[in-house]
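Got your viewer open? Here's a short tour, one selection at a time.

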Amino acid sequence: MTSTNTGKTRRMAGLSILTALVVVLQVVATFVKIGAFPVTLTLVPIVIGGALYGRKAGAWLGGVFGFVVMVMCIVGGDPGGQVLWNASPLLCGALCLVKGIAAGWAAACVYRALASKSDTGAVIGAAIISPIVNTGLFLVGVVLFFQPILVDWAGGAANVVNYILFTLAGVNFLIELTLNVLLSSVIERIITYRVKALA
């Protein structure tokens, strides 16, 4: 077997493991709720995949995450998401997929941009940008496409900004961001080990 084929096989195996991890973690995360929406636990393997295998891999893993979120919205595993799905399946599905794909792609881009300067900085940057993009696009999508539902959740138009800041983006986002940053040293070790193994 040539080294090119070996590299492709290793990449496929690595992506398969990370894909399975994303699915399992997101299904488990469905049961970890703070507020109306589950906490996202899958951003760590997405960051690892994007760092190791590039932007397409980051986008793929983010897309898998988005797909699982969409399925949970459909089956009622995510009650807040199910409300959005019932209001507009097309917009809800697009929002789930776009925010996931963008989070994975952005993490890979930030990692690649910073890796030549500092491995630690690249990992921390990727770990920070992923939840920012994921939560940011979710909030933009809800504000643009599901405003009546948002106003209803907030208990009136006057409370929307507070609801966004302290409920939708508040605790869940801070938990996701903190988990990613705290685990960034683990992410760095995994990436360093994998790069050395391929050298």
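Before you click on anything, one term: the radius of gyration here is taken over C-alpha atoms, and the rule for a globule is 2.2 Å times the number of residues to the power 0.38. For 199 residues that rule gives a value near 16 Å, and this protein has 17 Å, so it agrees with a compact globule. Keep in mind that you're looking at a predicted model.

**The whole chain**

Show everything as a cartoon. You'll find 9 helices and 2 strands, and from the N terminus on they run α-β-β-α-α-α-α-α-α-α-α. Along the principal axes, the C-alpha atoms fill a box of roughly 60 × 30 × 25 Å. Of the 199 residues, 45% count as buried. Now switch on the surface: its accessible area comes to about 9800 Å², with 72% belonging to carbon and sulfur atoms. As for contacts with a separation of 6 or more, 71% of them come from residues 24 or more positions apart.

**First stop: Gln 26 and Thr 42**

Select Gln 26, which is found in helix α1, residues 3–29. Is it buried or exposed? Its relative accessibility is 4%, so Gln 26 counts as buried, the cut-off being under 20%. Leaving out residues up to four places away in sequence, Gln 26 touches Thr 40, Leu 41, Thr 42, Phe 65, Val 68 and Val 69.

Hop over to one of those partners, Thr 42. Thr 42 sits in the loop between β2 (37–38) and α2 (43–53). With 0% relative accessibility, Thr 42 is buried. Beyond its neighbours up to four places away in sequence, Thr 42 touches Val 22, Leu 25, Gln 26 and Phe 65.

**Second stop: Ser 88**

Next, pick Ser 88, in the loop between α4 (79–87) and α5 (89–115). At 16% relative accessibility, Ser 88 counts as buried. Try your distance tool from Ser 88 to Val 24: they are 64 residues apart in sequence, and 26 Å separates them in space, C-alpha to C-alpha.

**Third stop: helix α7**

Select residues 147–154, which make up helix α7, and colour Ile 149, Leu 150 and Ala 154, its buried residues. Why do they lie on the same side of α7? They cover an arc of only 135 degrees around the axis, and that puts them on one side. A bit of background helps: an α-helix has 3.6 residues a turn, so residues three or four places apart point the same way.

Spin the view to the other side of α7, where Pro 148 and Asp 152 are exposed. What do the buried residues of α7 pack against? Show α4, α6 (119–145) and α8, and you'll have the answer on screen. Before leaving, click on Gly 155, just after α7: Gly 155 takes a positive phi of about 80 degrees.

**Last stop: a nonpolar patch**

Finally, select Leu 179, Leu 182, Leu 183, Val 186 and Ile 190, with the surface on. Together they make a nonpolar surface patch of about 390 Å². Helices α8 (160–182) and α9 (184–198) each supply at least two of the patch residues. Leu 183 has its place in the loop between these two helices, and with a relative accessible area of 33%, Leu 183 is partly exposed.

Definitions and conventions:
Residues are numbered from 1 along each chain as its sequence is written. This is a predicted model: local features need pLDDT of at least 70, side-chain atom pairs count only at pLDDT 80 or more; totals for chains, interfaces and linings use all residues. Side-chain values use heavy atoms; hydrogens and water are left out. Helices (H or I, at least four residues) and strands (E, at least two) are DSSP runs, numbered from the N terminus. Buried means under 20% relative accessible area, exposed over 50%, partly exposed in between (1.4 Å probe, protein chains only). Contact means heavy atoms within 4.5 Å. Patches are made of residues with over 30% relative accessible area and no salt bridge: like charges are joined within 9 Å, nonpolar side chains (Val, Leu, Ile, Met, Phe, Trp, Tyr) within 5 Å. Accessible areas come from the Shrake-Rupley method with a 1.4 Å probe; for residues, only the protein chains shown count as cover. A salt bridge is a side-chain nitrogen of Lys or Arg within 4 Å of a carboxyl oxygen of Asp or Glu. The arc is that of the directions from the helix axis to the C-beta atoms.
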